[in-house]
Amino acid sequence: MKYAVLGASGMLGVDLLDHLLLKGIDASGFSSVDLDFRDLELLQTTRKLETFDVVINAAAFTDVPGAESNESLANQVNGYAAGIIAQSCRSIGNRLFHISTDYVFSGASYNPYRIDSMADPINAYGRSKALGENLVIAAGAGSTILRTSWLYGSRGKCFPKTIATKLRKGEIVNVVNDQIGQPTWTKDLAQQILQYSEFENAPEILHVASSGQASWFDFASAIATSSGKNPEQSVKPVSSADFPTAVKRPSFSVLDLSASPLAPITDWESRWLAAESEIRSSLGD
């Protein structure tokens, strides 16, 4: 089996490609230099995927505030380009695994979202990812959509790095305690993606995230503890109303993992403890 990883220079893409190669799998990475999802003629360049059996689309426009100011670009990258990739995979005959997000849901529910829950995004980023899901399914490529939540990793920007950097400077951090999700390490997600890709018939939609749930404040407190700081002194809970922004974010976007054929990733706190030394090392600590 030969794998193509799209978005290979991103936080998830790097870990995906590393994991595949570590397993001795024939895999190649494609960054925006190789396949530019902003290109309206993208379909003409997807012939680069013809020699692959499995395509994992981890490419995305993930700048949530940026999507509000440039929704057309977010729609092109996260929506229309994803559909073009799916059309290409249908034509070529390779399997597609497309990465999506908990932000396709509104957050109005206080029960974890099932794989068949209706998408109802409340911001431009979520709308663009929901568009991508719809176009991937419409292409009829026999694809699998994997929704995940609150990703962090050693490459690129992420919440733990931001918090750890502030704490290292001795700052007191104010963090919202009324947005709930599932902090998920990109290495854990990469491992599950590979396992699902080995299924003869993977489900059309999967939820893959760490078990349990946390607020951003809970996550920041765990980061403080593992950094040797007293969270009661260094991390302060605040409400979203204290941080008015142009971006509405789901207040509760926990994914229901019960339909997953594989054993879910274990709880987010234990996975953070497994990841934190690697994240700290990426900051030069």
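This tour proceeds through the central sheet, the helices across it, an aromatic cluster and a few single residues.

The model is predicted, so local features require pLDDT of at least 70 and side-chain atom pairs count only at pLDDT 80 or more, whereas totals for chains, interfaces and linings use all residues. Residues are numbered from 1 along each chain as its sequence is written, and side-chain values use heavy atoms, with hydrogens and water left out.

**The sheet**

Begin by selecting the strands of the open sheet, six in number and ordered S2-S1-S3-S4-S5-S10 with parallel pairing. Helices (H or I, at least four residues) and strands (E, at least two) are DSSP runs, numbered from the N terminus. Two strands count as paired if DSSP finds at least two bridges between them. Strands of a sheet pair through backbone hydrogen bonds, either parallel or antiparallel.

Colour strand S2 (26-30) and strand S10 (205-207) next: these stand at the edges with a single partner strand each, so one side of each is left without a neighbour in the sheet. From one strand to the next, the twist averages 20 degrees. Axes here are lines fitted to C-alpha atoms, for helices over the stretch in contact, and angles run from 0 to 180 degrees between N-to-C directions.

**Strand S3 and its partners**

Select strand S3 (residues 54-57) together with strand S1 (residues 2-6); the two pair in the parallel sense over four bridges. Across this pairing, Ala 4 stands opposite Val 55, and Val 5 stands opposite Ile 56.

Now display the side chains of S3. Val 54 and Ile 56 point one way, Val 55 and Asn 57 point the other way, and all are buried. Buried means under 20% relative accessible area, exposed means over 50%, and partly exposed lies in between (1.4 Å probe, protein chains only).

Move to S4, which pairs with S3 in the parallel sense over four bridges. The bridge partner of Val 54 in S4 is Arg 95, and that of Val 55 is Leu 96. Six of the seven residues of S4 are buried, so this strand is largely enclosed by the rest of the structure. S4 also pairs with S5 in the parallel sense, over five bridges; there, Ile 99 has Leu 146 as its bridge partner in S5.

**Helices across the sheet**

Add helix H3 (residues 71-92), which lies across S1, S3 and strand S4 (95-101) and runs at about 160 degrees to S4. Contact is defined as heavy atoms within 4.5 Å. Then add helix H4 (residues 124-138), lying across S4, S5 and S10 and likewise running at about 160 degrees to S4.

In the loop between H4 and S5, select Gly 142. Is this residue buried or exposed? At 64% relative accessibility, Gly 142 counts as exposed. Gly 142 and Glu 204 are 62 residues apart in sequence, yet their C-alpha atoms are 7.4 Å apart in space.

**The aromatic cluster**

The whole structure contains twelve aromatic pairs. Rings of Phe, Tyr and Trp (its six-membered ring) pair if their centres lie within 6.5 Å; planes under 30 degrees apart count as stacked, over 60 as edge-to-face and the rest as tilted. Show Tyr 152 and Trp 272: their ring centres are 5.6 Å apart and their planes stand at 70 degrees, so the pair is edge-to-face. Tyr 152 lies in strand S6 (residues 151-152) and Trp 272 in helix H9 (residues 268-282), so the pair ties together parts that are 120 residues apart in sequence. Both residues, Tyr 152 and Trp 272, are buried.

Extend the selection to Trp 150, Phe 159, Trp 216, Phe 219 and Trp 268, which ring pairs link with Tyr 152 and Trp 272 into a cluster. Centre on Trp 150, in the loop between strand S5 (144-148) and S6. Trp 150 is buried, with a relative accessible area of 9%, and its phi is near 45 degrees, a positive value in a residue other than glycine. Most residues other than glycine have a negative phi.

**Final stops**

Select Lys 2 and Phe 52: Lys 2 lies over the ring face of Phe 52, at 4.9 Å from the ring centre. A charge sits over a ring if NZ of Lys or CZ of Arg is within 6 Å of the ring centre and within 35 degrees of the ring normal.

Finish with the cysteines Cys 89, buried with a relative accessible area of 1%, and Cys 158, which counts as buried at 7% relative accessibility. The structure holds zero disulfides (pairs of cysteine sulfur atoms within 2.5 Å).
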